[in-house]
Amino acid sequence: LAQLFRPLDLLGMVYRTVRQGVIDMGAMFDLIDTPSEVVDAPGAPPLAVARGHVRFEAVEFGYDAGQPILKGIDLDVPPGTTLAVVGPSGAGKSTLARLLYRFYDIGSGRITIDGQDIRAVTQDSLRAAIGIVPQDTVLFNDTIGYNIAYGREGASEADIAAAARGAAISGFIERQPEGYATRVGERGLKLSGGEKQRVAIARTLLKNPPILILDEATSALDSRTEAEIMETLEAIERGRTTVVIAHRLSTIVHADQIVVLEAGRVVERGSHAELLAHGGLYAEMWARQAAESSEEAAQESAAA
Ligand code: ATP
C-alpha cells in the first residue's frame, strides 16, 4: 500500500534540518516531498485558524498532466468532527491528505480552512495548524525524550512527560533504566510498531494542532495493542477536526462522516449505519473484513 509519506532516505538532509532547529514534521517532509512549484503567494498572510473548518470544493488533482487522480471532490468537515476516508487501494485516500497539507497544488477547485484558501496563506502557518500521525514514525538516533519533543521547539521536561502520559507511553519510558534519556534507534532501544505510533501521538499532543491527519497503520498490530492505540487516538481527536485515512473499518465506526473513495471519486458518504443500510461498496467492504476477522479468530483459537 502506498504510504502517506514516503520513507525517508535523505537522512543526512533531515539531520541538518533538525540541527538547525527546524523541528516541524511538515518542514522535514517538505524537503523531500514538496515539488518546487508549491510556493507562498507574494505577501501571503498566515492562516488564521478559528475553529478548524475544513472544506474541499470541486477539487481536481493529478500528479501528472492528463492523469486525473481525484475528481470533483466535495468534502465538508465541520470544526471538531471526524471524517474517515475509506476505499480500495489506489483510490486516492492518501493523496487527499497530502493535498490538505499542501504537498501539491490542486488543478482546480478550492481547499479552505475556516474560509481561507490554503494556497493564499503561508505554508508554514498551514502546516503549523495540522498535526500528522503517519503510518510509520521516523525516529532519530537520540533519546526518547528528544524524539517526543520533536513535536515542539522548547518543550519542557514536564510538557514532554505530559504528552507521553497522554499517548500512554510514559509507563514504558519510566521503566527504562535511563527514563527519558534512554537512547532509541540502531544502537539503542528498539520500539515496536505500536510504541513508535505512541511516540507520534505524543509529538502531536505537544504540537497541539487544531487539525489532525491520521494515516492508520496498515501493518497489523495485535488486537490488544490496536484497541489501546484506538483509545489514545480517540483522546487526541477530541475537539480537533480530524481526517482519518482508514484501512480497517472497525476503527472508524464512530466517525461523524465516512466517505468512500473509488478511483478518485466519492461514491458513497454517510455514517457507518447509513452506509451499511445503503448496501453498496462500504457494506461490501464491511462484510469482507468481518469475514476475514472471524476467520483469523478461528485460526487463532485453533492454534491455541
Ligand atoms: P492505499 O490504500 O494503497 O494507500 P490510496 O487510496 O491512499 O491507496 P493514493 O496513494 O492516494 O491511494 O494513490 C492514488 C493514485 O495516485 C494511485 O494510482 C497511485 O499510483 C498514484 N500516485 C500516488 N502517489 C503518486 C506520485 N507521487 N506520483 C504519481 N502518482 C502517484
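The following exercises, each with a worked solution, concern helix 3 and its surroundings in a predicted model.

Residues are numbered from 1 along each chain as its sequence is written. Because the model is predicted, local features need pLDDT of at least 70 and side-chain atom pairs count only at pLDDT 80 or more, while totals for chains, interfaces and linings use all residues.

**Exercise 1. Determine which stretches of the chain have pLDDT below 50.**

Step 1. pLDDT is the predictor's confidence in each residue, from 0 to 100. The chain has a mean of 85, and 86% of its residues reach 70 or more.

Step 2. Values fall below 50 over residues 6-24, a stretch with 22 contacts beyond near neighbours in sequence. They are also below 50 over residues 26-32, where 14 such contacts are found. A contact requires C-beta atoms, placed from the backbone, within 7 Å of each other.

Step 3. Where pLDDT is low, the predicted coordinates should not be read in detail.

**Exercise 2. Establish how the open sheet is ordered and which strands stand at its edges.**

Step 1. Strands (E, at least two residues) and helices (H or I, at least four) are DSSP runs numbered from the N terminus. Two strands pair if DSSP finds at least two bridges between them.

Step 2. The sheet comprises 4 strands in the order 2-1-4-5, with antiparallel pairing. Strand 2 (70-77) and strand 5 (116-117) each have a single partner strand, so one side of each lacks a neighbour in the sheet.

Step 3. Strand 1 (residues 54-61) joins strand 2 through 5 antiparallel bridges. Arg 55 is placed opposite Asp 76 of strand 2.

**Exercise 3. Describe the setting of helix 3 and state whether Leu 96 is buried or exposed.**

Step 1. Helix 3 lies across strand 1, strand 2 and strand 4 (108-113), at about 115° to strand 1. The angle is taken between N-to-C directions, on a scale from 0 to 180 degrees, of axes fitted to C-alpha atoms, for helices over the stretch in contact.

Step 2. A residue is buried with 20 or more other C-beta atoms within 10 Å of its own, exposed with 12 or fewer, and partly exposed in between. Of the 8 residues in helix 3 (residues 93-100), 7 are buried, among them Lys 93 and Arg 98.

Step 3. Leu 96 belongs to helix 3 and is buried, because 28 other C-beta atoms lie within 10 Å. Leaving aside neighbours within four places in sequence, Leu 96 contacts Leu 70, Ile 73 and Val 85.

Step 4. After helix 3 comes Arg 102, with a positive phi near 60°.

How values were computed: Contact = placed C-beta atoms within 7 Å.
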